[in-house]
Amino acid sequence: MGMLPALAGLFVLTILFTTLSSVFFTKANIANLMTQTAALMMLSVALTFVIVIAEIDLSAGVTSGLGMAVWILLVNSNHWNWVLALIVALLCGAAIGLFIGVFVAKVGIPSFVINARPLPRPPRPDARAARQGGSYRVETPAVVAIMNKPMAVWLGWALLAVIVAISLGTGLYDRRRRAAAGGVAVRPIALLLDPRRPLDRAGGIFVGYMSQNRSSGIFPVEGVPIVVPIALGIVWIGQTILDRTSFGMHVYAIGGNPEAARRAGINVARVRIACFLVCSTLAVVSGLFTVSQVGVVQSATGRDIVLSASGRR
């Protein structure tokens, strides 16, 4: 069945909510839904890596907040370039994941115990934060634009063309690989080259819908939200890693039976550590989306999002 049950459920819910509310299927609401789910989507992708190996990372939300606290202090207080500060924040997230992974994989402490509350509540770093109630305002235009601005209309169509090309290239590669194996069914070449493929149609409908003006004010708002291709790109990379690489096969093997995976020659400890490292790093990306949307970094950022992300996974 694959993803068909989920797609069927989404289709039914769309019809239901459209019937109940006249504004549900409007351009502005669809754009809002796509942006509001981006942070949860990223944290869901992060948690997928540890949940597949039968572990859990309850500190992912706290890690996202900590990473953003490091980022905002470097940018606002130390006047770093926001890209360099983000790299440092990602490295901090990776360090936390490495710390948790080592304790789980090497020491043998259950993941539920080691990451239930790994870090204390961060103190307010200076008098300015104290005056602001423990909050720092995000003043970097490029970061604020991620969740609040659309890209140019032409860029949305260009990215759709890139996605279609990547999808076609992946399909042709899979077909050639399966044909070379011999005795394996392959998809007809006409089906791969058909311009009416569901992915192409769905993408064209979405980009065309978002390219229309959805503003009720004087200034037009049109184009795909900036966060959409970023989030979908990370989801695609995560899916590719899990489904098309030996590392992904090792992850699934460990989740199914870690002892059998060890006897098959898989370095179970190394894969577990890598999964926690990936999870914490992507959690920082989720935190970036969150602070971009709300416009502030607070000491409580990310503390109430983990269970929601686990359910959405």
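A residue counts as exposed when its relative accessible area is over 50%, and as buried when that area is under 20%. With that yardstick, H79 makes a good starting point: at 67% relative accessibility, H79 is exposed. You will find H79 in the loop between α4 and α5. Its phi is near 60 degrees, a positive value in a residue other than glycine. Most residues other than glycine have a negative phi.

Before going further, keep in mind that this is a predicted model. Its mean pLDDT is 84, and 88% of the residues in the chain reach 70 or more. Where is confidence lowest, and where is it highest? The low point is helix α7 (residues 127–131), with a mean of 41, while helix α13 (residues 246–256) holds the top value at 94. Over residues 118–131 the pLDDT stays under 50. The model has 23 contacts beyond four places in sequence for that stretch, so please read them together with the low score, given that pLDDT expresses the predictor's confidence in each residue.

Now for the overall picture. The chain folds into 16 helices and two strands. It has 313 residues, of which 36% count as buried. Among contacts with a separation of 6 or more, 72% link residues that are 24 or more positions apart. On the outside, the chain exposes about 17,200 Å², and carbon and sulfur atoms supply 67% of that area.

Let us walk along helix α3 next. This helix covers residues 38–52, and its 15 residues reach 21 Å from the first C-alpha to the last, close to the 21 Å expected at 1.5 Å a residue. Is α3 mostly covered or mostly open? Mostly covered: 13 of its 15 residues are buried. Just after α3 comes A54, with a positive phi of about 65 degrees, although A54 is not a glycine. A54 sits in the loop between α3 and α4 (60–77). A54 counts as exposed because its relative accessible area is 58%, over the 50% cut-off.

The loop that holds A54 also takes part in a link to a distant part of the chain. A search of the whole structure finds five salt bridges, and one of them joins the side chains of R272 and E55, at 3.9 Å from N to O. R272 lies in helix α15 (residues 268–294) and E55 in the loop between α3 and α4, so the pair ties together parts that are 217 residues apart in sequence. Both partners are covered: R272 is buried at a relative accessible area of 18%, and E55 is buried at 16%.

Other salt bridges stay within a single helix. E259 pairs with R262, their closest N and O atoms being 2.5 Å apart. E259 and R262 both lie in helix α14 (residues 258–263), three residues apart, or about one turn of the helix. Here the partners are partly exposed, E259 with a relative accessible area of 36% and R262 at 47%. Elsewhere, salt bridges that share partners join D174, R177 and R244 into one network. Within that network, the side chains of D174 and R177 meet at 3.3 Å, N to O. D174 and R177 are both in helix α9 (residues 153–181), again three residues apart and about one turn of the helix. What is the accessibility of each partner? D174 is buried at 15%, whereas R177 is partly exposed at 47%.

Finally, take a look at helix α5 (residues 82–107), which shows both a covered and a partly open position. G97 belongs to this helix, and G97 counts as buried because its relative accessibility is 0%. Which residues does G97 touch, leaving aside those up to four places away in sequence? They are F276, L277 and S280. The C-alpha of G97 is also 8.8 Å from that of T63, a residue 34 positions away along the chain. V83 lies in α5 too, but V83 is partly exposed, with a relative accessible area of 38%. V83 contributes to a nonpolar surface patch of about 470 Å², which it makes together with W80, L84, I87 and L91.

Methods
Residues numbered from 1 in each chain as written. Predicted model: local features only at pLDDT ≥ 70, side-chain atom pairs only at ≥ 80, totals over all residues. Heavy atoms only, no water. Helix = DSSP H or I, 4+ residues; strand = E, 2+ residues; numbered from the N terminus. Buried < 20%, exposed > 50% of the residue type's maximum accessible area, 1.4 Å probe, protein only. Contact = heavy atoms within 4.5 Å. Areas by Shrake-Rupley, 256 points an atom, 1.4 Å probe, with all protein chains shown as cover. Expected span 1.5 Å × (residues − 1). pLDDT = per-residue confidence, 0-100. Patch = residues over 30% accessible without salt bridge, like charges linked within 9 Å, V, L, I, M, F, W, Y side chains within 5 Å. Salt bridge = Lys/Arg side-chain N within 4 Å of Asp/Glu carboxyl O.
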